[in-house]
Amino acid sequence: MLTIGSHLSINKGFEHIGMEAISIDANTFQFFPRSPRGGKAKELDMDDINALKELMNNNSMNIILAHAPYIINLASKSEKTRANAYEIFEDDLRRLDVLPNNMYNFHPGSHVGQGVEKGIELIADSLNSLIRSDMKTTILLETMAGKGTEIGRTFEELRSIIDKVEDNDKLGVCLDTCHVYDAGYDIKNNLYEVIDEFDDVIGLNRLKAIHLNDSKNGLNSHKDRHECIGEGELGLDAIVDIINHPDLKDLPFFLETPNDVEGYKKEIAILRNYYEY
Ligand code: FE
Ligand code: FE
Ligand code: ZN
């Protein structure tokens, strides 16, 4: 069974988002635990969370994915920006502790001219204090397109962050298909080689989720503009190969394509139809 869902809005609560996911034939979903631009998170409503738990149990929904706000930058030059990112991260992790089986995906950060090495060090420093041994959530580093001074455009950069984190059992990677293609990994023509390279550099045991997006731009463009499935530079065939790759087929896939809920429903139907297992 293909595990697939899309990004959905949490504005109407956890039970609502779970029902919305089921209504589009998704068996997982991604959400922002707070506004993507940061800001204060809503009080947790335990009744609502328990309703989601029950919904997930009854619909064999085994995992959900939270996405950290875009604005947080653990690699910033400004101590204030880093402290703010840390605070949001810590608060999100604390809240995710009470949610059913979940992972927390974040953009590693931008070094803003300090250099990749320095940026990696700052990110690892924060993770070393953020990760608690009793935490349930798995933290995912997202592969990035390499826009501006983004860290995480190569597998080596992600590996280097993981290596610098002592308690790294709860650390994984989310591979974004638009981002890696933009970053220069040719998953359209050489998917098997790219996945082997991921395995060599990071290890496939770290790969916990896929952001399944087509890209508006070509290989190596470093743009990060998502496109609907089959309408971008990757194309439907490449995306079908990705969901059917023997090392990827059992991972949860999350659509972040420019769609409304109805559009996600259509893409999920198409992909379920092309899934070979
Ligand atoms: Fe992202
Ligand atoms: Fe993504
Ligand atoms: Zn993106």
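Helices here are DSSP runs of H or I with at least four residues, and strands are DSSP runs of E with at least two, both numbered from the N terminus. On that basis Ala-26 falls in the loop between α1 (14-23) and β2 (30-31). The model is a predicted one, and its protein chain comprises nine helices and 12 strands. Two iron ions, ligand 1 and ligand 2, are bridged by Glu-142, and a zinc ion (ligand 3) lies 5.1 Å from the iron ion (ligand 1).

**Overall fold**

- The radius of gyration of the protein chain is 18 Å, which agrees with the value near 19 Å that a compact globule of 277 residues would have.
- Along the principal axes, the C-alpha atoms of the protein chain fill a box of roughly 50 × 45 × 30 Å.
- Of the 277 residues in the protein chain, 57% are buried, while the area that the chain exposes comes to about 12100 Å², with 44% of it supplied by carbon and sulfur atoms.
- When contacts between residues at least 6 apart in sequence are considered, 75% of them join residues at least 24 apart.
- The protein chain carries 29 positive and 48 negative charges, and the mean positions of these two sets are 6 Å apart.

**Iron ions**

- The iron ion (ligand 1) has His-67 (NE2), His-107 (NE2) and Glu-142 (OE) as its protein donors, at distances of 2.1 to 2.3 Å, and the spacing of these donor residues in sequence is H-x39-H-x34-E.
- Within this set, the pair of His-107 and Glu-142 links distant parts of the chain, since His-107 belongs to the loop between β4 (102-106) and β5 (109-110), whereas Glu-142 belongs to strand β6 (residues 138-142), 35 residues apart from it.
- His-107 counts as buried because its relative accessibility is 18%, which is under the 20% cut-off, and Glu-142 also counts as buried, at 1% relative accessibility.
- The iron ion (ligand 1) and the iron ion (ligand 2), which Glu-142 bridges, lie 3.3 Å apart.

**Zinc ion**

- For the zinc ion (ligand 3), the protein donors are His-179 (NE2), Asp-224 (OD) and His-226 (NE2), which lie 2.0 to 2.2 Å from the ion, and along the chain these donors follow the spacing H-x44-D-x1-H.
- The pair formed by His-179, in helix α6 (residues 177-183), and His-226, in strand β11 (residues 226-227), links distant parts of the chain, the two residues being 47 residues apart.
- His-179 counts as buried because its relative accessibility is 2%.

**Helix α8**

- Helix α8 (residues 235-244) is mostly covered, with seven of its 10 residues buried, namely Gly-235, Ala-238, Ile-239, Val-240, Ile-242, Ile-243 and Asn-244.
- These buried residues of α8 pack against several elements, among them α6, the helix α7 (191-201), the strands β9 (207-212) and β12 (253-255), and the helix α9 (261-274).

**Surroundings of Ala-26**

- Ala-26 counts as buried because its relative accessibility is 7%.
- If residues up to four places away in sequence are set aside, Ala-26 touches Ile-4, Gly-5, Ala-21, Met-61, Ile-268 and Arg-272.
- Ala-26 and Tyr-264 are 238 residues apart along the chain, yet their C-alpha atoms are separated by 9.1 Å.

Conventions: Residues numbered from 1 in each chain as written. Chains lettered and ligands numbered in written order. Predicted model: local features only at pLDDT ≥ 70, side-chain atom pairs only at ≥ 80, totals over all residues. Heavy atoms only, no water. Donors = N, O, S within 2.8 Å, 3.2 Å for Na, K, Ca; no water. Buried < 20%, exposed > 50% of the residue type's maximum accessible area, 1.4 Å probe, protein only. Rg over C-alpha atoms; globule rule 2.2 N^0.38 Å. Contact = heavy atoms within 4.5 Å. Areas by Shrake-Rupley, 256 points an atom, 1.4 Å probe, with all protein chains shown as cover. Lys, Arg positive; Asp, Glu negative; His and termini not counted. Charge placed at Lys NZ, Arg CZ, Asp CG, Glu CD.
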